[in-house]
Amino acid sequence: MIAETVCSAVSVAGLGIAAVTAYRKRFLAAARLAAYSLVPLGLVMTGAVQWVVDTAFSPTAWAGFGVLGAAWLMFMGTRAVERRSGGTRKERRAAARAERREAAAPDASAPSLGPGTRTAPAAQQKPAARSGGADDFSDIEAILKKHGI
């Protein structure tokens, strides 16, 4: 009963402040204040305030919050144990490396341009030797050939 009275008084005070703001020709701010001041009155009328009051002073509700807390602690505890159950650090790293190796195919990084575009490995390793300033670009040419460009 007291909570409803307090919420109603807050709503009336907010509407009074909104009226004064509207009198000062600040209609947008007044409308916003009126909207905020009607929220507590709406909560009282829907019964939400009574539900909160009943929950706050109910031993059953507090026991329910305790059960929820215990469930959360059990969930977080099992996650921590699951994380630690991987063995030693070396074993976890080895398992992660093995997963990465299995995830990608051996030729996954090679471009798939079709069967006729790949050259023989011997041709990839021996770029054509050129004299003069062409030696500077031979490495770049070898890389481009390697990638099929």
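**Figure 1. Contacts across the whole predicted chain.** Among the contacts in the chain with a separation of 6 or more, 38% join residues 24 or more positions apart, where contact means heavy atoms within 4.5 Å. The model is predicted, so local features need pLDDT of at least 70 and side-chain atom pairs count only at pLDDT 80 or more, whereas totals for chains, interfaces and linings use all residues. Residues are numbered from 1 along each chain as its sequence is written, and side-chain values use heavy atoms, with hydrogens and water left out. The chain contains 7 helices and 0 strands, its elements running α-α-α-α-α-α-α from the N terminus; helices (H or I, at least four residues) and strands (E, at least two) are DSSP runs, numbered from the N terminus. Of the 149 residues in the chain, 11% are buried, a class defined by a relative accessible area under 20%, with exposed meaning over 50% and partly exposed in between (1.4 Å probe, protein chains only). About 12,400 Å² of the chain is exposed, and carbon and sulfur atoms supply 66% of that area, the accessible areas coming from the Shrake-Rupley method with a 1.4 Å probe, in which only the protein chains shown count as cover for residues.

**Figure 2. Helix 1 and its two faces.** The end C-alpha atoms of helix 1 (residues 2–23) are 32 Å apart, which agrees with the 32 Å that its 22 residues should span at 1.5 Å a residue; the expected span is 1.5 Å times one less than the number of residues. The buried residues of this helix are E4, C7, S11, G14, A18 and T21. Seen down the axis of helix 1, these buried residues fall within an arc of 105°, so they line one face of the helix, the arc being that of the directions from the helix axis to the C-beta atoms. They pack against helix 2 (27–46) and helix 3 (48–56), while the face turned away from the buried side carries the exposed residues I2, T5, V12 and Y23.

**Figure 3. Surroundings of S11.** S11 belongs to helix 1 and is buried, with a relative accessible area of 2%. When its neighbours within four places in sequence are left aside, S11 is in contact with S37, L38, P40 and L41.

**Figure 4. The backbone at K25.** K25 lies in the loop between helix 1 and helix 2, and just after helix 1 its phi takes a positive value of about 65°. Most residues other than glycine have a negative phi. With a relative accessibility of 65%, K25 counts as exposed.

**Figure 5. A salt bridge in helix 7.** The structure holds 1 salt bridge, defined as a side-chain nitrogen of Lys or Arg within 4 Å of a carboxyl oxygen of Asp or Glu. It joins the side chains of E141 and K145, with an N to O distance of 3.4 Å. Both residues lie in helix 7 (residues 138–146), 4 residues apart, or about one turn of the helix. E141 is partly exposed at a relative accessible area of 26%, and K145 also counts as partly exposed, at 42% relative accessibility.

**Figure 6. A nonpolar surface patch.** W72, L73, F75 and M76 make a nonpolar surface patch of about 460 Å². Patches are made of residues with over 30% relative accessible area and no salt bridge, like charges being joined within 9 Å and nonpolar side chains (Val, Leu, Ile, Met, Phe, Trp, Tyr) within 5 Å. One of the patch residues, L73, is found in helix 4 (residues 59–84) and is exposed, with a relative accessible area of 56%.
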